[in-house]
Amino acid sequence: MAAQAVLRSSARARLLSGAFCAQRGGPALWQHHQNQRAFSNGKILVEMDEATGVAVMKMKSPPVNSLNLDFLTEFSISLEKLEIDRSCRGLILTSAVSKIFSAGLDITEMSGKSNEHYAAFWRAVQEMWLKLYGSNMVTIAAINGSSPAGGCLMALCCDYRIMADNPKFAIGLNETQLGIVAPFWFKDTMINTIGNRATELSLQLGQMYPAPEALKFGLVDKLVPEDKVQSAAAAAMSQWLSVPDHARQLTKSMMRKPAIDRLVKQREADINNFVSFISKDSIQKSLQIYMDRLKQKK
Ligand SMILES: CC/C=C\C/C=C\CCCC/C=C/C(=O)SCCNC(=O)CCNC(=O)[C@H](O)C(C)(C)COP(=O)(O)OP(=O)(O)OC[C@H]1O[C@@H](n2cnc3c(N)ncnc32)[C@H](O)[C@@H]1OP(=O)(O)O
């Protein structure tokens with residue numbers, strides 16, 4: 001895919017230079033055990049089944065798998081490593097943290113930091129989206145917990161979503177509830193999944209949907225009991241992998257390329273937009289109020 005080609009160069013350069021690995025105290029090498037391979041960079045664990053060509057990526061950044069700069073960098077590099085591995089055809093994205101898929105973007109990365117930091121953070125968010133939404137692999141989200149905002153975006157980037165059938169777990173793009181605005185590419189990803197009107201309702205209200213409602217709304221494709229999420233994802237994966245890769249990949253590209261190209265074309269403008277928006281005093285105040293409420297609910 002065009003966007004993949006653009007993206008691959010920078011992440012691959014970092015991957016090959018080992019800059020990221022050195023920063024983490026050593027290269028994230030594959031560990032082999034029978035038919036399994038695994039690597040971990042700290043916040044992400046990847047287990048690959050060589051017999052099926054399916055990798056399971058587990059987010060393990062407690063307490064809530066919030067997407068900070070370190071996490072996003074590890075995520076993109078791990079994904080790139082799988083993308084360039086020809087034996088890997090499918091990816092199941094899930095969480096190793098109980099009851100949480102991902103709490104979305106780390107709010108502390110968007111509060112009280114320098115403009116340079118906001119720009120680096122937003123570039124990393126964009127990169128995560130470009131890589132996951134544009135992946136050539138079959139991607140299935142095994143949503144085993146709550147998944148607000150950026151966590152919902154990650155799930156929406158996948159080709160298929162299976163969620164634990166627990167009404168305590170909710171998913172949605174709730175940005176307006178924080179007093180912030182989901183950018184156009186978050187919106188495009190949701191429109192491509194549930195359509196324009198449902199997206200407008202959902203985004204304006206900043207709606208979080210408990211699992212059963214998320215299924216009705218089309219935000220997720222299937223609900224299964226909590227302890228069956230991984231096995232259901234594996235079963236769905238084998239169905240998806242029965243389709244010839246080249247035909248499925250070209251079809252995926254046809255569906256997603258317009259949205260991907262749109263961000264690729266305006267990447268720098270989107271970063272500048274984010275920085276000027278997020279650094280406003282009124283927005284910083286809204287985020288502070290939201291964080292205070294989160295802490296007070298305990
Ligand atoms: C014009 C437009 C132009 C450009 C764009 C402009 C704007 C930018 C748009 C940015 C898009 C933003 C996307 C996002 O993802 S924003 C993040 C949204 N996330 C949330 O709202 C989630 C909030 N969290 C929760 O609801 C709950 O924590 C959760 C996930 C349901 C788990 O609940 P629970 O198990 O009870 O855990 P706690 O609430 O007690 O949380 C534990 C601990 O984690 C801290 N925390 C939670 N979420 C976050 C987060 N997202 N970032 C940072 N920290 C988080 C929480 O405060 C607790 O911390 P403590 O120190 O008290 O233990």
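**Figure 1. The hairpin of β2 and β3.** β2 and β3 form a hairpin with three residues between them. Gly42 sits in the turn and has a positive phi of about 120 degrees. The model shown here and in the other views is predicted. Strand β2 covers residues 36-40, and strand β3 covers residues 44-49. Five bridges join the two strands, which run antiparallel. Ala38 stands opposite Glu47 in β3.

**Figure 2. The hairpin of β1 and β2.** Strand β1 (residues 31-33) is joined to β2 by three bridges. The two strands run antiparallel. His32 has Arg37 in β2 as its bridge partner. Two residues lie between the strands of this hairpin. Gln34 takes a positive phi near 50 degrees.

**Figure 3. The hairpin of β3 and β4.** Six bridges pair β3 with β4 in the antiparallel sense. Asp49 stands opposite Val54 in β4. The hairpin has four residues between its strands. In the turn, Gly53 has a positive phi of about 75 degrees.

**Figure 4. Strand β4 and its burial.** β4 spans residues 54-59, and six of its six residues are buried. The strand is therefore largely enclosed by the rest of the structure. Val54, Val56 and Lys58 point one way from β4. Ala55, Met57 and Met59 point the other way. Both sets are buried, the charged Lys58 included. Besides its antiparallel pairing with β3, β4 is joined to strand β5 (residues 90-95) by six bridges. β4 and β5 run parallel. Lys58 stands opposite Thr94 in β5.

**Figure 5. The open sheet of four strands.** The strand order is β6-β8-β10-β11, and the pairing is mixed. β6 (99-100) and β11 (209-210) are the edge strands, and each pairs on one side only. Two bridges join β6 to β8, and these strands run parallel. The bridge partner of Lys99 is Gly145 in β8.

**Figure 6. The shell around the ligand.** The ligand has 28 residues around it. Ala103, Gly104, Leu105, Ala149 and Gly150 come nearest. β8 (145-148), α11 (267-278) and α12 (281-296) each supply at least two residues of the shell. Helix α11 gives the largest share, four residues. By residue class, the shell divides into 17 nonpolar, seven polar and four charged. β8, a contributor to this shell, is also part of the open sheet of Figure 5.

**Figure 7. The bend in helix α10.** α10 covers residues 245-265 and bends by about 55 degrees at Arg256. A proline, Pro258, follows within four residues. Arg256 is also one of the buried residues of the helix. The others are Ala259, Ile260 and Leu263. An α-helix has 3.6 residues a turn, so residues three or four places apart point the same way.

**Figure 8. The whole protein chain, for orientation.** The secondary structure comes to twelve helices and twelve strands. Along its principal axes the C-alpha trace spans about 55 × 45 × 40 Å. The radius of gyration is 18 Å, which agrees with a compact globule, because 298 residues packed that way would have a value near 19 Å. Of the 298 residues, 43% count as buried. Among contacts between residues at least 6 apart in sequence, 73% join residues at least 24 apart.

Key:
Residues are numbered from 1 along each chain as its sequence is written. This is a predicted model: local features need pLDDT of at least 70, side-chain atom pairs count only at pLDDT 80 or more; totals for chains, interfaces and linings use all residues. A residue is near a molecule or strand if its C-beta atom, placed from the backbone, lies within 6 Å of it. The bend at a residue is the angle between axes fitted to the seven residues ending there and the seven starting there. A residue is buried if 20 or more other C-beta atoms lie within 10 Å of its own, exposed if 12 or fewer, and partly exposed in between; C-beta atoms are placed from the backbone. The radius of gyration is taken over C-alpha atoms; the globule rule is 2.2 Å times the number of residues to the power 0.38. Two residues are in contact if their C-beta atoms, placed from the backbone, lie within 7 Å. Two strands pair if DSSP finds at least two bridges between them.
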